[in-house]
Amino acid sequence: MNEHVLVLLRHGESEWNRENLFTGWTDVELSDTGKEEARQAGRLLKKEGYDFDICYTSYLKRAIHTLNLALEEMDREWLPVVKTWKLNERHYGALQGLNKSQTAAKYGEEQVKIWRRSYDVQPPALSAEDARNPAGQIPYRGIPGDQLPLSESLKETVARAVPYFEDEIRPRLLQGERVLIAAHGNSLRALVMHLEHLSRERITNLNLPTGIPLVYHLGENLEVLHKEYLGDTAAIEAKMQAVANQGKIR
């Protein structure tokens, strides 16, 4: 059976991850910890013998820089990289910039969990006049404004990320190309949901750790044969729990 390799890499810790803020499409930089996580991801991939033919990332620099740093560690900076807004983080609307714990204290942990982890509930939307509306931002010039969100649930993130995967990435995998995707917690959750055929209930409790390569070995029809996170199991579980705790009152 032909086996295909796909690696998903959530960006390293960002400055706003460190401050526990809703980030969404806000284009924030990696923290120093996040930069080291990205380098460590590259070292792990190299150590385990993984190599790639093409890479994908979003328009947001925390993902772009994660990919760059990982490829530097692998001595693979020459690999082709495709950037697409379809792999951007879920748009958190008017929550962007708010502290998650303070928001939980104001609205309740259950409401924040719904905003963060439900499948089809959108956070409060930006107004079209808001400076954070991507339709008015330079990176999204040339993209019809009606395609760009003012808020998204995971359902809307799936609706843009999965068709892009099917149209652009799936054919490359089926041709035998090895693919690395460096993106975001929710755009990658959308792909995991698709690859593993997860229910809406199961995806609610999936927390992807920052800077940890998630390796998929896929069959001839891209069915999942095996998957694994690279790295120390206890450290990975601690990172997952930290992601789950972000929306709790502190």
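# Briefing: sheet, helix pairs and two residues

L180 lies in strand β4. The model is predicted. Its strands include an open sheet of 6, ordered β3-β2-β4-β1-β5-β6, with mixed pairing. Two helix pairs are also covered here: α6 with α7, whose axes come within 8 Å, and α2 with α3, whose axes come within 7 Å.

**L180 in β4**

- L180 is buried, because its relative accessible area is 0% and the cut-off for buried is under 20%.
- Leaving out residues up to four places away in sequence, L180 touches V7, L9, F52, I54, C55, Y56, L67 and L71.
- Two of these contacts, V7 and L9, belong to one face of strand β1.
- W16 sits 164 residues from L180 in sequence, and the two C-alpha atoms are 24 Å apart in space.

**The sheet as a whole**

- Strands of a sheet pair through backbone hydrogen bonds, in either a parallel or an antiparallel sense.
- Pairing in this open sheet is mixed, and the strand order is β3-β2-β4-β1-β5-β6.
- β3 (81-83) and β6 stand at the edges with a single partner strand each, so one side of each has no neighbour in the sheet.
- From one strand to the next, the twist averages 20°.

**Strand β1 and its partners**

- Strand β1 covers residues 4-10; 7 of the 7 are buried, so the rest of the structure largely encloses the strand.
- Both faces of β1 are covered.
- One side carries H4, L6, L8 and R10, and the other carries V5, V7 and L9; all of them are buried.
- β1 runs parallel to strand β4 (residues 179-183), and 5 bridges join the two.
- Within that pairing, R10 has A183 of β4 as its bridge partner.
- β1 runs antiparallel to β5, with 6 bridges between them.
- Here L9 has P213 of β5 as its bridge partner.

**The β5-β6 hairpin**

- Strand β5 (residues 213-218) pairs with strand β6 (residues 224-229) in the antiparallel sense, over 5 bridges.
- V215 is bridged to E228 in β6.
- Y216 is bridged to K227 in β6.
- The two strands form a hairpin with 5 residues between them.
- In the turn, L222 has a positive phi of about 65°.

**Helices α6 and α7**

- Two packed helices are described by the angle between their axes and by the distance between those axes.
- Helix α6 spans residues 154-174 and helix α7 spans residues 185-196.
- Their axes come within 8 Å and cross at roughly 65°.
- α6 and α7 are therefore roughly perpendicular to each other.
- The crossing of α6 past α7 is right-handed.
- From α6, the residues in contact are L154, T157, V158, A161, V162, F165 and E166.
- They meet N186, S187, R189, A190, L191, M193, H194 and L195 in α7.
- By class, this contact has 9 nonpolar, 4 polar and 2 charged residues.

**Helices α2 and α3**

- Helix α2 (residues 32-47) and helix α3 (residues 61-74) have axes that come within 7 Å and cross at roughly 40°.
- That angle makes α2 oblique to α3.
- Their crossing is right-handed.
- K35, A38, R39, G42, R43, L45 and K46 are the α2 residues in this contact.
- On the α3 side they meet T66, L69, A70, E73 and M74.
- Sorted by class, the contact has 5 nonpolar, 2 polar and 5 charged residues.

**D120 in a loop**

- D120 is found in the loop between α5 (109-117) and α6.
- D120 counts as partly exposed, because its relative accessibility is 44%.
- Setting aside neighbours within four places in sequence, D120 is in contact with S153, K155 and R200.
- D120 and K155 are 35 residues apart in sequence, yet their C-alpha atoms are 5.2 Å apart in space.

Conventions
Residues are numbered from 1 along each chain as its sequence is written. This is a predicted model: local features need pLDDT of at least 70, side-chain atom pairs count only at pLDDT 80 or more; totals for chains, interfaces and linings use all residues. Side-chain values use heavy atoms; hydrogens and water are left out. Axes are lines fitted to C-alpha atoms, for helices over the stretch in contact, and angles run from 0 to 180 degrees between N-to-C directions. Helices (H or I, at least four residues) and strands (E, at least two) are DSSP runs, numbered from the N terminus. Angles under 35 degrees count as roughly parallel, over 145 as roughly antiparallel, 65 to 115 as roughly perpendicular and the rest as oblique. A crossing is left-handed if the near helix is turned anticlockwise from the far one by less than a right angle, and right-handed if clockwise. Contact means heavy atoms within 4.5 Å. Ala, Val, Leu, Ile, Met, Phe, Trp, Tyr, Cys and Pro count as nonpolar, Asp, Glu, Lys and Arg as charged, and the others, Gly among them, as polar. Two strands pair if DSSP finds at least two bridges between them. Buried means under 20% relative accessible area, exposed over 50%, partly exposed in between (1.4 Å probe, protein chains only).
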